[in-house]
Amino acid sequence: MAAVEFQNVGIRFGEVPVVRDLSLIVEDGEFVVLVGPSGCGKSTILRSIAGLAAINEGDMRIGGERMNDADPAARDIAMVFQSYALFPNMTVAQNLGFGLKIRGEARAGIARKVAEVAAVVGLSDHLHKRPGALSGGQRQRVALARAILRRPGVFLFDEPLSNLDAEFRTAMRAEIVRFHRNQGASMVYVTHDQTEAMTMGDKIAVLAPLAAGHKANLMQYGTPDEVYNRPANLFVARFIGTPRMNVMTLPVDGGTVRFGSQTLALPPAAAHLGKVVLGQRPEHLRLAATGSESGLAGSVEHIENLGHEMILTLATDLGPLILREARSAKVPSLGQQVRLVLDPDHVHLFDPVSEQRIE
Amino acid sequence: MAQDIAPSQPNLWPYILPTVLVLGACTLYPIATVLWMSLHDWTWGGDSIFSGVKNYRLLWLKGSFVIALVNTFTFAVSAVLVELVLGMILALAANRVTRGAGLFRVLMILPLMVSGIAVSLVWKVLLDPTFGVINAALGAVGLPEPNWLGSTTAAMPSLVMVETWWQTGFVFIILAAALKSLPEEPFEAARLEGANGWQMFRYLTLPMLRPVIVTVVVFRLIDTLKVFDLVFGLTGGGPLRRTEAVQTLTYQTAFKFSKFGEAAATVVIFSALIFAICVAYGALDRRTGGAK
Amino acid sequence: MTRARRATLLSYAILIIAGFASIFPILWIIGISLKTQADAFAMPPKLVFVPIWDHYAKVWADATFIKGFLNSLFAALLGNLMAFAIGIPAAFALNQKRVPGRATILAWLLLSYMLPEFLFVIPIYGLFQASGLYDTVFGLALVYQTFTLPFTIWMMRAFFADVPFALYEAARLEGAKSWQILLRVYLPMAAPGIAATAILNTIRIWNELAIALGLTFDKAQTVTLAVAAYRGYAAIDWGALSAAAITSILPMLIFAVLAQRQIVGGLSLGAVK
Ligand SMILES: Nc1ncnc2c1ncn2[C@@H]1O[C@H](COP(=O)(O)OP(=O)(O)OP(=O)(O)O)[C@@H](O)[C@H]1O
Ligand SMILES: [Mg+2]
């Protein structure tokens, strides 16, 4: 049974549509990451699961039951907010026990459950502190513990790591993944950080803003591998991966395209088009051996040294191209003339009009 | 800013209803009644006979209402001007100093704690022409000793002076808080550009404080237009009506001479004026994207 | 001496003069309230004298004054209770964006706060005469709602607006009803705001004159009316007059010193926010 199911869901704020025609299934126990540029509706979709944003069209089901209009408290979900949303006037213990108290549970039961969950996230020593006296990471844990305590079918996270510093973020990332494995509950996780999206989720849903003219938000829904290696359209191709995928529009000539002196045969689906959009990730673009005349001519415009690798920006007739080169390789100097070669096995092709992938 | 777009938005009208009821009882009922009263010859217990605009015409013919209106506006505009200038100078000064600012703040809010009637008594004693300490001090250094509250020329300025002593603290507190909340960078940038103190005040401080100044001026203006306590306590409207204010006149008309219809007419006109100021302020505030 | 230093010195000079001007009248009247009649009227005024407590004894033996003092205390208590009981739920609701009529109610509140006292006093005088609320502290506290209720709602709304909305949402996810969210999340977080609001309401009610003058006669006379009764002594008995004035303002002066932060914060809140 699916944990969360969206069927042709639309959400509007006043007259402005923010989510349109969203259909997406989060299977039971799955970790799904919603990723996309700012304003694409990630938070809105997450909040519609929680019951904090109203759904205008379509159906949203949790555990098979239609939940469009259900009270937030009745949805079998728990949410971890970006700001953690801890009650500053209550101690950690009171924060954790708040929901139980509201539901009229006995004092002893509350205390026991709070102690249990505090032990799980390692907060046992901090139960009597207020949130103001905790570090960012500890607050994060309180928010997590509050969610765990509800034993929900679905955990919702809205950019829970964005307030933490880089080092701690990596640690918490691993912790949440481990937590998912232990809990076995479904999780929907919103982020605009690609690394989080690629490393944490069983599946990634890439979303685009309607304001940019897209007909629907959902651009691709698949495993991290699928999304990275077989982007369904130009939007996903450009959005996923750093540095971005190189993209160039090339004229089709007799079922082939030319990349400088390099000729690539197109698959039948692309052969009849007048133009095709060709994409290649920076790590697949190669520098030809010195003196070789193959591929496209270019000059080194900018070098970014990351220590273990170099990111080269090259000026070419097809516009600037980015190339990623291991540090160990022989590195050209700034302004040097080089030749670039495509890796024909890692070429992505897109229709220039529909922007959809061509196999 | 709070918002709620949840599907199962709870109905919050029960939370507001008591306020609407109390507000309705305390404002709509009086407004309607006062309008009605102003159109009638009104005596308590007796019959009230519809008299049309007679009460309003009387106000005009008797002239005392017009005098009170002129006095009230003279008082309000001069008091607010003085309070604004003094409050601004004090706020700027307090913003400069590091030590003693807290003590100064307490000293400035003390007069605000005093009731208008106590203020009146205090100043009646201080301004006493023969035994008052102020005239004693003036006399000691050879200055003229005015009859502050008793002379037709000095009474209104004296009233303004007492009002200023009483309420400048309010203007000061608000302007000081607003000054503190201004960002530092524009001033640092201006200093790098070589702006002097006056230029920074004229081109940075003043424009940035504008919405706050407008709000303060409107609040003080309406408060001073409603002046009652000081006139009641200090001059009783005299000498020769030189300090009669609209609200003291209303009080006299109603409770001394039992002419409730006429009193109601003064209240209607006066409330309409205040309403107009509120509306103008609302429009201004919306346009400047101002304080509230 | 640099320009900046001169400006700072000038600032200190201005503040010292203004501070002195602010406090001097009160100090002088305290002095007179402790002087004998002869000392009070002495020319030139006496700076050094033997303090006497006779005037305070006289004021405190005045049953009318005591009654006024207590009535004002009750009116402040009752006025605050009403304003908070009615105003806090309204402030909570008006802090939410999607309440129909929100802008109208807020404008209405502001207007009620601004309208002149006698607009309320004159018609309500008749109503109170007829209903028996005339000359009662309860009736007085009710009419005081024309300013305490708007003020309370405006203040509390500002304090509630500072509570992050995510807390409201988190509480709702935990199953809390609106009133539980108000009671357990918003009120505790706005506690300093309640204190500031109550203090300012109290000052306002304690010092109110026009409404009390119109709607009370004897039983419910307030402290301001009791003080006003000493106006007649202006030419004769400065000691009693001063003692009455000082006694009536002393509670508020103590307030000002103790709750300075709340008063300043509360006053500036409305305008700066
Ligand atoms: N309460 C609201 N009223 C009106 N418009 C809103 C509201 N909340 C969000 N929006 C709009 O809906 C769109 C989607 O917002 P949402 O918060 O879901 O974006 P997001 O993908 O989470 O972005 P971010 O990465 O910046 O958090 C935005 O254009 C936003 O301006
Ligand atoms: Mg978001």
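## Around ligand 1, and out to the other chains

An oxygen atom of ligand 1 lies 2.4 Å from an N or O atom in the side chain of Ser38(A). That is a polar contact, meaning a pair of N or O atoms within 3.5 Å; within protein, one must be able to donate a hydrogen and the other to accept it, and residues adjacent in sequence count only if both atoms are side-chain atoms. Bear in mind that this is a predicted model, where local features need pLDDT of at least 70, side-chain atom pairs count only at pLDDT 80 or more, and totals for chains, interfaces and linings use all residues. As for bookkeeping, residues are numbered from 1 along each chain as its sequence is written, chains are lettered from A and ligands numbered from 1 in the order in which they are written, and side-chain values use heavy atoms, with hydrogens and water left out.

### The ligand site

Here are the ligand contacts side by side.

| Residue | Protein partner | Distance to an oxygen atom of ligand 1 |
|---|---|---|
| Ser38(A) | N or O atom in the side chain | 2.4 Å |
| Gly39(A) | polar backbone atom | 2.8 Å |
| Ser43(A) | N or O atom in the side chain | 2.6 Å |

On its own, ligand 1 exposes 640 Å², and the protein buries 60% of that. Those areas come from the Shrake-Rupley method with a 1.4 Å probe; for residues, only the protein chains shown count as cover.

Which residues come nearest to ligand 1? Out of 12 around it, they are Ser38(A), Gly39(A), Lys42(A), Ser43(A) and Thr44(A). A residue gets into this shell if one of its heavy atoms lies within 4 Å of the molecule. The site is shared between chains, because residues from both A and B surround ligand 1. Helix H1 (residues 42-50) of chain A gives the largest share of the shell, with three residues. Helices (H or I, at least four residues) and strands (E, at least two) are DSSP runs, numbered from the N terminus. By type, the shell splits into seven polar, three nonpolar and two charged residues. In that split, Ala, Val, Leu, Ile, Met, Phe, Trp, Tyr, Cys and Pro count as nonpolar, Asp, Glu, Lys and Arg as charged, and the others, Gly among them, as polar.

### Salt bridges

Now for the charged pairs. A salt bridge here is a side-chain nitrogen of Lys or Arg within 4 Å of a carboxyl oxygen of Asp or Glu, and that rule gives 27 over all chains.

One of them pairs Lys203(A) with Glu30(A), with the closest N and O atoms 3.2 Å apart. This pair ties together distant parts of the chain: Lys203(A) sits in strand E9 (residues 203-207), Glu30(A) in the loop between strand E2 (16-27) and strand E3 (31-35) of chain A, 173 residues apart. Glu30(A) has a relative accessible area of 13%, so it is buried, while Lys203(A), at 23%, is partly exposed. The cut-offs are under 20% for buried, over 50% for exposed, and partly exposed in between (1.4 Å probe, protein chains only).

Another salt bridge has Arg103(A) meeting Glu174(C) at 3.4 Å, N to O. It crosses between chains, from the loop between helix H2 (92-102) and helix H3 (107-120) of chain A to the loop between helix H8 (165-173) and helix H9 (178-189) of chain C. Arg103(A) is partly exposed at 46% relative accessibility, whereas Glu174(C) is buried at 5%. Elsewhere, Asp59(A), Arg61(A), Arg66(A) and Asp69(A) are joined into one network by salt bridges that share partners. Within that group, Asp59(A) and Arg66(A) bring their closest N and O atoms to 2.7 Å.

### Backbone oddities in chain A

Thr242(A) and Pro243(A) are joined by a cis peptide bond, with omega about -10°. Pro243(A) lies in the loop between helix H8 (234-239) and strand E11 (246-251).

Asp76(A) has a positive phi, near 60°, despite not being glycine, and belongs to the loop between strand E5 (65-66) and strand E6 (77-80). Arg151(A) also has a positive phi, near 45°. Arg151(A) counts as exposed, because its relative accessibility is 65%.

### Chain C overall

Chain C has 14 helices and zero strands. Its C-alpha trace spans about 75 × 70 × 30 Å along the principal axes, and 62% of its 273 residues count as buried.
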